[in-house]
Amino acid sequence: MRDGDAENTAGAVSLRQRACRIRRHALRMGEVQGQGYIAQALGFADVLAVCYFHALIYRADDPEWEGRDRLYLSMGHYALALYAAMIEAGILPEDELETYGGDHSRLPMSGMAAYTPGMEITGGSLGHGLGIAVGAALGLKRKNSANFIYNLLSDGELGEGSTWEAVMSAAHHRLDNLIAVVDFNNQQADGPSQETLCAEPLEDKWQAFGWHVQRVDGNHIDALTTAFDAARRHRRRQPRVIICNTRLAAGVPFLEARERNHFLRVEPHEWAQAIAVLDRANAR
């Protein structure tokens, strides 16, 4: 939702097209390196489309505008996904995607706030983002700001003690301007998240800590828009979390089918195949 933009009223079909384009940008950047966290970018694209074209208040030409909502990327290795969304939103120029991961690029492989316009925090050390978001939400409260902090975090971060300290702190301070968005794709570098360290029952745990909880299909645009709207409108003075069940590499079936796709190595000829799949989907 760009400030003053007619696209504030974009419908579900438009959001699906935005998600397709975000996936396409991510694939084009991934092709520069020949590998990367492509599956996360594809799987999280629907969430990012809803963030940038339905939920967030921001100005594409002024990423530091004081009246913006803040979106914090806790899992820095998802930077590819966020760059793709910011390119689609007009915050970053599309021609810059060719520099991804290169020397002196503003698009390093792990997100760094000092390098990239629109990147609010430096992520990467998992479990830190939500704590930063809690501090920022407290700061906005003291400034009497009506804006929201959105914190994107991975299911792997739910195994970090610092995450749960931040969960408890947010509830204690009744941070109703904080919305956590969990990408639950059940995959980590060491294998399935729930085999590495089981976090279930997730809804019960967040609720027990005092949060308003929703769990949705993170690859279903309509479910996501409903959940984001409900999170913003929720009346009780408590933080909100949206747990998004996503499929790694969603939108490109032959990549979805890979047995281990936490970090994808894609053959040179497969990039064009994947982009062709998205182009056909976007044309419908």
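## Close-up views of a predicted model

**Figure 1. The whole chain: just over the halfway mark for burial, with 53% of the 284 residues of the protein counting as buried.** This is a predicted model. The protein is built from 10 helices and seven strands. Its radius of gyration comes out at 18 Å, close to the 19 Å that the globule rule gives for 284 residues, so the protein is as compact as a globular protein of that length. Measure along the principal axes and the C-alpha trace spans about 50 × 45 × 40 Å. Take the contacts between residues at least 6 apart in sequence: 76% of them join residues at least 24 apart.

**Figure 2. The surface and its charges: about 12200 Å² of the protein is exposed.** Carbon and sulfur atoms supply 48% of that area. As for charge, the protein carries 29 positive and 36 negative charges. The mean positions of the two sets are 6 Å apart.

**Figure 3. Cysteines without a bridge: the structure holds zero disulfides.** Why does C51 not pair up with C244? The C244 sulfur is the closest cysteine sulfur to that of C51, but at 8.2 Å it is too far for a bond, given that a disulfide needs the two sulfur atoms within 2.5 Å. C51 is buried, at a relative accessible area of 1%. For C198, the closest cysteine sulfur is again in C244, and at 19 Å it is too far for a bond. C198 counts as partly exposed, with 46% relative accessibility.

**Figure 4. A cis peptide bond joins E200 and P201.** Omega is about 0 degrees here. Where does P201 sit? Look in the loop between α6 (193–196) and α7 (202–208).

**Figure 5. R174 has a positive phi, near 55 degrees.** R174 is a residue other than glycine, which is what earns it a close-up. You'll find R174 in the loop between α5 (161–172) and β4 (178–184). With 46% relative accessibility, R174 counts as partly exposed.

**Figure 6. A249 also has a positive phi, near 65 degrees, in a residue other than glycine.** The loop holding A249 runs between β6 (240–245) and α9 (253–256). Is A249 buried or exposed? A249 is buried, with a relative accessible area of 0%.

Definitions and conventions: Residues are numbered from 1 along each chain as its sequence is written. This is a predicted model: local features need pLDDT of at least 70, side-chain atom pairs count only at pLDDT 80 or more; totals for chains, interfaces and linings use all residues. Side-chain values use heavy atoms; hydrogens and water are left out. Helices (H or I, at least four residues) and strands (E, at least two) are DSSP runs, numbered from the N terminus. The radius of gyration is taken over C-alpha atoms; the globule rule is 2.2 Å times the number of residues to the power 0.38. Buried means under 20% relative accessible area, exposed over 50%, partly exposed in between (1.4 Å probe, protein chains only). Contact means heavy atoms within 4.5 Å. Accessible areas come from the Shrake-Rupley method with a 1.4 Å probe; for residues, only the protein chains shown count as cover. Lys and Arg count as positive and Asp and Glu as negative; His and the chain ends are not counted. The place of a charge is taken as NZ of Lys, CZ of Arg, CG of Asp or CD of Glu.
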